[in-house]
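Q: Please take a close look at one part of this protein and describe how it is placed relative to its surroundings. Give the cut-offs behind the terms you use.

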Amino acid sequence: LEYRATDAIKRKGRKPTEFLSVTKKEFRRLRDMNGGAKELKWLQFEKSSGRIIKDEEIYWMAKEELEPKDLQFVLDRMSICQVRHYLVKQSEKSGDDISHILQVWKDYLSMAGKLSLDVYDSIIYRTSDLQRRHSEAVIQMEEKKKEIRRRELEEKYVGFQEQLIALKEKYEFSAGEYQIVGPKSIDDILYEGDTLHHCVNKTDNYFDRIASKESYILFLRKKENPEKPYYTIEIDMVTDTIRQWYSELDRQPDREVISKVLYKFKSAIGRKRVRDAIVAIA
């Protein structure tokens, strides 16, 4: 038998069974299967757990480079044989290799637990369509995070919704193929950041500035698809200057066209400010 340095082998021992931490029977099995460190770990696990593991299961686990620690997340619910069959079935169904399926399985059960699903129910832990359930769990986790984030912001910024509604009409604008609108709720800002993958919803900075009436967040949309986020704008509420304007991943597609739209927008806001001032004086 040939072994590389491994934590499965003790440094001291007078007999092979002692430094390999196996019984005479297990040592003979290891010798007969011409096993190495991978097979040894499964035999040691069989000894410590009291489970019966067939040679064919050990061969397969070793071939796939799986160790007992890799399966601990589900071994309290399934036998080694069941685990193997499940991994093979899901691999054949999705076309992914065993190691990928195993990681998807771990991730899915972790998310299922956080979503308060009964991970000891076989319908959950041994779902027939693992990839689909994993994708659904990812979406549910994202929704859960959004809900938690929304509640945190609502508690921190009392009256924020009313403030957004009051400001919305002031900054609405339309020019050619584009329109600029204000958010109606915290959810609108969260959706904007998630869709365009930028930081407007990731920190409290923008919410702080809106609450203190320092700046305001606006959405530039194409009229042909007004519900789809395109550009996010931050405008200074004191000077009406535009602090920043970015689209997906902080990029600026159609920069020249959008800059012209924003120039018209600033001019319109300036004229509106003058009109409001005259009305106030009158």
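A: I210 lies in helix α11 (residues 205-211); helices (H or I, at least four residues) and strands (E, at least two) are DSSP runs, numbered from the N terminus. The model is predicted, so local features need pLDDT of at least 70 and side-chain atom pairs count only at pLDDT 80 or more, while totals for chains, interfaces and linings use all residues. Residues are numbered from 1 along each chain as its sequence is written, and side-chain values use heavy atoms, with hydrogens and water left out.

I210 counts as buried because its relative accessibility is 1%; buried means under 20% relative accessible area, exposed over 50%, and partly exposed in between, with a 1.4 Å probe and protein chains only. Leaving aside residues up to four places away in sequence, I210 touches F160, Q163, L164, I189, S215, Y216 and I217, where contact means heavy atoms within 4.5 Å. The C-alpha atoms of I210 and Y157 are separated by 9.8 Å, although these residues are 53 apart along the chain.

Two of the residues touched by I210, S215 and I217, also have partners in a neighbouring strand. S215 stands opposite D236 in β4, and I217 stands opposite E234 in β4. Strand β3 (residues 215-222) is mostly covered, with seven of its eight residues buried. With strand β4 (residues 231-236), β3 pairs in the antiparallel sense over six bridges; two strands pair if DSSP finds at least two bridges between them. A further bridge partner in β4 is I233, which matches L218. With strand β2 (residues 178-181), β3 pairs in the antiparallel sense over four bridges, and Y178 has K222 as its bridge partner in β3.

These pairings belong to an open sheet of five strands in the order β1-β2-β3-β4-β5, with antiparallel pairing. Its edge strands are β1 (173-175) and β5 (242-246), each of which pairs on one side only. Neighbouring strands of the sheet are turned by 20° against each other on average, direction ignored; axes are lines fitted to C-alpha atoms, for helices over the stretch in contact, and angles run from 0 to 180 degrees between N-to-C directions. Helix α9 (residues 160-171) packs on this sheet and touches β1, β2, β3 and β4, its direction making about 55° with that of β3.

In a regular strand the side chains alternate between the two faces of the sheet. In β4, Y231, I233 and I235 point one way, T232, E234 and D236 point the other way, and all are buried. On to its other neighbour: β4 and β5 pair in the antiparallel sense over four bridges, and E234 stands opposite Q244 in β5. β4 and β5 form a hairpin with five residues between them, and D240 in the turn has a positive phi of about 60°.

For the wider setting, the protein has twelve helices and five strands. Buried residues make up 40% of its 282 residues. Among contacts between residues at least 6 apart in sequence, 57% join residues at least 24 apart.
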